[in-house]
Amino acid sequence: MAYEQLRETAEEAARIGGRILHDWADKFTAREKSPANLVTEADFASENAIFEFIHARYPDHRFLGEEGLNRNEGNSAFRWIIDPLDGTSNYVHGFPYYAVSIGVEEDGRMVAGAVYDPSRDEMFSASAGQGTMLNGQPIRVSSEEDLANALCMASLPVKTTRDDPAVQAFLRVLEAAQHVQRTGSAALNLASVAAGRVEAFWSTSLKPWDMAAGVLLVEEAGGRVTKTQGDRFFVDDPDLLVSNGSPLHDQLIRLLG
Ligand code: IPD
Ligand code: CA
Ligand code: CA
């Protein structure tokens with residue numbers, strides 16, 4: 001299977017999802033799946049349309065999506081991992097920082113993916129060995145090596161508390177980095193590291209669909225992907241640290257430990 005074809009399909013499907021988010025933007029209703037964890041009709045409509053589009057092209061592939069999509073039958077090596085709207089809380093509040101995220105893995109290794117930001121019409125995509133692109137142009141991670149000059153981003157658990165170890169770790173990095181932001185879209189944070197706009201991003205509370213496409217974007221743009229303790233990253237594990245691959249990655253491992 002040509003990974004480029006998978007990347008193109010991910011892009012096409014992400015645009016379809018983005019169009020649906022746009023169409024629902026002035027009429028959705030929001031509800032809580034759990035306290036402060038929001039979902040709207042747009043999340044479901046986007047997931048359905050993305051699945052229909054990709055499934056028509058690759059009927060034997062497996063699928064995992066946030067809003068109930070789980071097709072695991074068959075023995076295809078390929079699994080599509082879909083977040084039809086990453087950043088639902090921002091979407092609900094009209095804050096334009098959310099995305100569609102679609103990654104494809106082959107035998108557990110990410111091989112293609114797209115993250116689409118409909119608010120800025122920015123399409124980030126990658127396929128294994130072919131680099132990362134933003135709207136068709138190659139992008140690279142930044143070259144900043146000093147955490148004191150770095151813009152970092154973090155995801156904290158929804159409804160976290162002040163004594164959560166994740167909050168304590170956030171505060172340690174806050175003291176060391178130039179800036180630390182919490183933005184509400186892990187997928188766009190990963191795309192931002194790939195594009196060299198942000199030096200690092202971490203979280204210990206992510207789901208596969210938040211990260212699947214984004215980690216490939218970072219790797220293919222020359223960045224580094226590990227767990228927050230420096231161990232090997234797996235998409236089914238919530239623990240993730242990505243950076244531009246400079247020495248600030250190891251500085252962050254020390255602070256996050
Ligand atoms: C959320 C975002 C956020 C992260 C949360 C996720 P959703 O995804 O990625 O950055 O901190 O853990 O749940 O719910 O908006 O798809
Ligand atoms: Ca998400
Ligand atoms: Ca989502």
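## Burial and overall dimensions

Of the 257 residues of the protein, 54% count as buried (under 20% relative accessible area, with a 1.4 Å probe and protein chains only). This is a predicted model, in which local features need pLDDT of at least 70, side-chain atom pairs count only at pLDDT 80 or more, and totals for chains, interfaces and linings use all residues. Residues are numbered from 1 along each chain as its sequence is written, chains are lettered from A and ligands numbered from 1 in the order in which they are written, and side-chain values use heavy atoms, without hydrogens and water.

The protein contains 7 helices and 15 strands (DSSP runs numbered from the N terminus: helices are H or I of at least four residues, strands E of at least two). Along its principal axes, the C-alpha trace spans about 50 × 40 × 30 Å.

## The eight-stranded sheet

An open sheet of 8 strands follows the order β4-β3-β5-β6-β7-β8-β9-β10, with mixed pairing; two strands pair if DSSP finds at least two bridges between them. Because β4 (70-71) and β10 (137-139) each have a single partner strand, they form the edges, and one side of each lacks a neighbour in the sheet.

Strand β3 (residues 62-65) runs antiparallel to β4 and is joined to it by 2 bridges. L64 has N70 of β4 as its bridge partner.

## Helices on the sheet

Helix α5 (residues 186-194) packs on the sheet and touches β5 (78-86), β6 (99-106), β7 (109-117), β8 (122-127), β9 (132-134) and β10; contact means heavy atoms within 4.5 Å. The direction of α5 makes about 100 degrees with that of β7 (axes are lines fitted to C-alpha atoms, for helices over the stretch in contact, and angles run from 0 to 180 degrees between N-to-C directions).

Helix α6 (residues 208-220) lies across β3, β5, β6, β7, β8 and β9, at about 100 degrees to β7.

Terms used
Buried means under 20% relative accessible area, exposed over 50%, partly exposed in between (1.4 Å probe, protein chains only).
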